[in-house]
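Open the structure in your viewer and keep the sequence panel beside it. Each stop below names something to select and then says what is there.

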Amino acid sequence: MSKRKLTRQQAWRIEKIQKERLDRATRHKAEVEELIDSGSLGQEQAGRIVASFGKQVEVVAVNRLGQPITDPIRCHLRSNLSTLVTGDRVIFQATEDAGVVTAHKPRRNVLERPDSRGVIKAMAANIDQLVIVTALEPEPQLEMLDRYLVATEVTNIPPIIVINKVDLLHPSEANRNFLMAIKNLYGAIGYTVVEATTKQIGGLDELSQYLMDKSSVFIGQSGVGKSSLIQMLLPAEKIRVGYLHQQTRLGRHTTSTARLYSYKGGGSIIDSPGIRDFGLEQISRADVEHGFIDIREFATHCRFRDCRHKQEPGCAVTDAIQNGKLSKRRLESFHRILDTLTGGNA
Ligand SMILES: Nc1nc2c(ncn2[C@@H]2O[C@H](COP(=O)(O)OP(=O)(O)OP(=O)(O)O)[C@@H](O)[C@H]2O)c(=O)[nH]1
Ligand SMILES: [Mg+2]
Ligand SMILES: [Zn+2]
């Protein structure tokens with residue numbers, strides 16, 4: 001087949017796809033306008049997005065305090081609105097079983113992360129805290145935890161660290177050392193570290209205290225038990241939980257869409273899909289330096305302003321490690337994360 005022919009064919013296909021897209025958008029717009037014109041829609045009311053599927057979302061109506069007062073309603077987006085995410089606050093009008101979102105209220109903050117193709121996307125909005133879930137199984141990746149912690153500093157959303165599946169602890173095993181290490185290390189830095197288990201009565205008592213009145217997002221690797229924890233906290237909901245792969249003991253990416261659930265005391269919990277990696281592609285070297293809150297404290301005392309904390313003389317960071325005041329592993333993590341930053345922003 002000649003090159004020219006191929007190109008013409010490609011052009012034709014692209015045109016076809018674009019036309020289909022346009023047709024869909026026009027149809028969607030017509031549907032939405034028809035719904036609005038039909039007069040069957042109720043009053044404008046305040047709502048919160050509980051799940052987003054592009055041009056369609058699920059919305060709950062909320063009262064003056066922002067607390068949900070209805071079950072989720074499937075709504076279309078008015079065509080002038082850009083994509084909405086779970087947790088967004090909106091104005092909408094609905095019939096019994098359908099509706100239209102007509103306005104998007106400003107976001108207080110937004111959590112972004114790369115999708116499966118590495119494109120940075122907003123995932124959740126208007127959040128009070130990130131609940132970073134790790135577990136004794138699948139094997140915890142501390143560098144990933146460090147990445148999440150940098151992200152919380154950058155977005156200014158405070159984290160709590162949960163170590164789930166503590167029922168798997170055995171007195172003589174390495175995982176007990178891991179548990180103590182993570183508790184001591186991250187506790188000493190100043191982070192809240194909470195143990196949890198969904199397999200024992202009372203296993204979530206401590207965690208539930210931190211969720212009251214707050215809007216929380218559960219994030220972490222697939223299979224650590226995010227959905228299982230939320231299911232235990234909200235027994236009336238029906239949430240899909242997965243299994244770990246028999247051999248690799250990795251999660252199977254069971255949750256596919258971020259979804260918001262109401263929690264007592266006016267709080268809410270967002271379950272999110274587990275991810276293999278949490279990139280920090282969009283952030284700068286300065287962000288990483290700011291994001292390691294333990295290292296940054298010592299870094300202000302380094303002799304050189306632009307000290308890289310490698311072998312420079314008068315480096316207060318490497319001194320702190322020698323004096324046991326700072327974790328070597330955290331500094332290694334810091335260097336590895338800096339190494340992954342793309343040339344432009346490093
Ligand atoms: N032993 C033990 N297993 C648990 C605990 N919590 C959850 N699991 C198990 O971990 C597996 C994965 O749980 P999920 O809740 O689906 O994990 P997830 O983090 O939501 O995973 P994704 O949706 O894929 O991101 C299931 O087989 C659960 O039964 C726990 O406290 N102890
Ligand atoms: Mg899940
Ligand atoms: Zn230094």
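## The whole chain

Among contacts in the protein between residues at least 6 apart in sequence, 62% join residues at least 24 apart. This is a predicted model. Start with everything shown as a cartoon: there are 9 helices and 13 strands in the protein. The C-alpha atoms fit in a box of roughly 75 × 65 × 45 Å along the principal axes. Of the 346 residues, 32% are buried.

## Three domains

Colour residues 45-104, 127-271 and 285-345 separately; these ranges are domain 1, domain 2 and domain 3. The centres of domain 1 and domain 2, taken over C-alpha atoms, are 28 Å apart. Where the two meet, 8 residues of domain 1 contact 9 residues of domain 2. The domain 1 side of that meeting has 4 nonpolar, 3 polar and 1 charged residues.

## The ligand and helix α5

Select ligand 1 and show what surrounds it. How many residues surround ligand 1? There are 25, and the closest are G225, S227, S228, T255 and G274. By class, this shell holds 6 nonpolar, 14 polar and 5 charged residues.

Next select residues 226-233, which form helix α5. This helix gives the largest share of the shell around ligand 1, with 3 residues. The buried residues of α5 are K226, S227, S228, L229 and I230. To see what covers these buried residues, show strands including β8 (129-135), β9 (159-164), β11 (215-219), β12 (259-263) and β13 (267-271).

## The largest nonpolar core

Select V101, A124, I132, V133, V217 and F218. In the largest nonpolar core, which has 61 residues, these six touch the most other members. Now keep A124 alone and look around it. Leaving out residues up to four places away in sequence, A124 touches V85, T86, G87, L111, V217, A258 and I270.

## Helix α2 and the loop before it

Select residues 142-155, which form helix α2. A distance check can be done here between the end C-alpha atoms. The helix has 14 residues, so at 1.5 Å a residue it should span 20 Å, and the ends are indeed 20 Å apart.

Which residues of α2 are buried? They are L145, D146, R147, Y148, L149, V150, A151 and T152. The partners they pack against are β8, β9, β11, α6 (285-291) and α9. Just after the helix comes N156, with a positive phi near 65°.

Now step back to P138, in the loop between β8 and α2. The peptide bond from E137 to P138 is cis, and its omega is near -5°.

## Two loop residues with positive phi

Select N126, in the loop between β7 (120-125) and β8. Its phi is positive, about 60°, although N126 is not a glycine. Is N126 buried or exposed? N126 is buried, because 23 other C-beta atoms lie within 10 Å, and the cut-off for buried is 20 or more.

Then select K165, in the loop between β9 and α3 (174-189). K165 is not a glycine either, and its phi is positive at about 70°. K165 counts as buried because it has 23 C-beta neighbours inside 10 Å.

## L326 and L331

For the last stop, go to L326, in the loop between α8 (316-322) and α9 (328-340). Why does L326 count as buried? It has 23 other C-beta atoms within 10 Å. Beyond residues up to four places away in sequence, L326 touches D294, I295, F298, V317, A320, I321 and L331. For a distance across the fold, pick L326 and G291: they are 35 residues apart along the chain, and their C-alpha atoms are separated by 15 Å.

One of the contacts of L326 is L331, which lies in helix α9. L331 is buried because it has 20 C-beta neighbours inside 10 Å. Setting aside neighbours within four places in sequence, L331 contacts I295, H309, V317, I321 and L326. Finish by selecting L331 together with I295. The pair is 36 residues apart in sequence, with 7.4 Å from C-alpha to C-alpha.

Notes: Residues numbered from 1 in each chain as written. Chains lettered and ligands numbered in written order. Predicted model: local features only at pLDDT ≥ 70, side-chain atom pairs only at ≥ 80, totals over all residues. Near = placed C-beta within 6 Å. Helix = DSSP H or I, 4+ residues; strand = E, 2+ residues; numbered from the N terminus. Nonpolar A, V, L, I, M, F, W, Y, C, P; charged D, E, K, R; others polar. Buried ≥ 20, exposed ≤ 12 C-beta atoms within 10 Å, placed from the backbone. Contact = placed C-beta atoms within 7 Å. Core = buried A, V, L, I, M, F, W, Y, C linked by C-beta atoms within 7 Å. Expected span 1.5 Å × (residues − 1). Domains from an automatic or database assignment.
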